[in-house]
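Ready for some practice in reading a protein model? Work through each exercise with the structure open beside you, and try the task before you look at the solution.

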Amino acid sequence: MQRISIISVGKLKEKYLREAAAEYSKRLQTMCRFEIIEVDEERISDAPNDTQIKNTLISEGKRILSKISRDTFVTAMCIEGRQIPSEKLAKLFADNAVRGISSMAFVIGGSYGLSDEVKNRADLRLSMSEMTFPHQLARVMLCEQIYRAFSINSGTKYHK
């Protein structure tokens, strides 16, 4: 059974977002070993300068990378990533399983994005959309897409 992780900077603050993520986590437990790993968000001043932002990214990046094992297929969720339809995400899971890749991690950065170190570690860079979404909502959307991908691969009626 594949191990799928979402590594995300910060905690879900809104109850409805926590409940949505928990629902998808529960559904996914029958399809894979699914977990959400939260790493602390770096505290930064209200008017940060470039150096503070760079240091924030580096610090958050180190915490993210410490959660990833060497044999994990890493997908960085970032604005410069490519966009793919749900069916191609499903194919990615299936192809990785055939190739013997049993561990995959999707990384969502904080409000300033992801460090170059995390992006360089990634095997794939994905973008959800050209639109901007709050990072907390992006986590729920990613949970749903992972669930949809497994549903596609298992032939359930969830994906029409």
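A residue is called buried when its relative accessible area is under 20%, exposed when over 50%, and partly exposed in between. Keep in mind that this is a predicted model.

**Exercise 1. A pair within one helix**

Task: Find where Glu23 and Arg27 lie, and decide whether each is buried, partly exposed or exposed.

Solution:
- Step 1: Both residues belong to helix α1 (residues 15–28), and they sit 4 residues apart, about one turn of the helix.
- Step 2: Their side chains form a salt bridge, with 3.0 Å from N to O. The cut-off is 4 Å, so this pair qualifies.
- Step 3: Arg27 has a relative accessible area of 30%, so Arg27 is partly exposed. Glu23, with 31%, is partly exposed as well.

**Exercise 2. Pairs between distant parts**

Task: Which parts of the chain does the salt bridge between Lys119 and Glu80 link, and is Lys119 buried or exposed?

Solution:
- Step 1: The N to O distance between the two side chains is 2.7 Å.
- Step 2: Lys119 is in helix α4 (residues 116–121) and Glu80 is in strand β3 (residues 73–82), so the bridge links distant parts of the chain, 39 residues apart.
- Step 3: Lys119 has a relative accessible area of 15%, so Lys119 is buried. Glu80, at 40%, is partly exposed.
- Step 4: Salt bridges with shared partners also join Lys11, Glu38 and Arg139 into one network.

Now try another pair. The side chains of Glu35 and Arg3 meet in a salt bridge of 2.3 Å, N to O. This pair, too, links distant parts of the chain: Glu35 lies in strand β2 (residues 33–39) and Arg3 in strand β1 (residues 3–9), 32 residues apart. Glu35 is partly exposed at 27% relative accessibility, and Arg3 is partly exposed with a relative accessible area of 27%. In total, the structure holds 12 salt bridges.

**Exercise 3. The largest nonpolar core**

Task: Work out which residues of the largest nonpolar core touch the most other members, and which element gives the most to this core.

Solution:
- Step 1: Recall that nonpolar side chains tend to be buried together in soluble globular proteins.
- Step 2: The core has 28 residues, and those touching the most other members are Ile4, Ile6, Phe34, Phe93, Met104, Phe106 and Ile146.
- Step 3: At least two core residues come from each of β1, α1, β3, α3 (86–98), β4 (103–108), β5 (124–126) and α5 (135–154). The most come from α5, with 7 residues.
- Step 4: Look at Phe106 in detail. Leaving out residues up to four places away in sequence, the contacts of Phe106 include Ile4, Ile6, Met77, Leu89, Phe93, Leu142 and Ile146.
- Step 5: Another core, of 14 residues, lies apart from the largest one; among its members are Ile7, Ile64, Val74 and Val118.

**Exercise 4. Cysteines**

Task: Why does Cys78 form no disulfide bond with Cys143?

Solution:
- Step 1: A disulfide needs two cysteine sulfur atoms within 2.5 Å.
- Step 2: The closest cysteine sulfur to that of Cys78 is in Cys143, 18 Å away, so the two are too far apart for a bond.
- Step 3: Cys143 is in no disulfide, and its nearest cysteine sulfur, that of Cys32, is 10 Å away.
- Step 4: The count of disulfides comes to 0.
- Step 5: Check the burial too: Cys78 is buried, with a relative accessible area of 10%, and Cys143 is buried at 0%.

Notes:
Residues numbered from 1 in each chain as written. Predicted model: local features only at pLDDT ≥ 70, side-chain atom pairs only at ≥ 80, totals over all residues. Heavy atoms only, no water. Buried < 20%, exposed > 50% of the residue type's maximum accessible area, 1.4 Å probe, protein only. Core = buried A, V, L, I, M, F, W, Y, C linked by side-chain atoms within 4.5 Å. Contact = heavy atoms within 4.5 Å.
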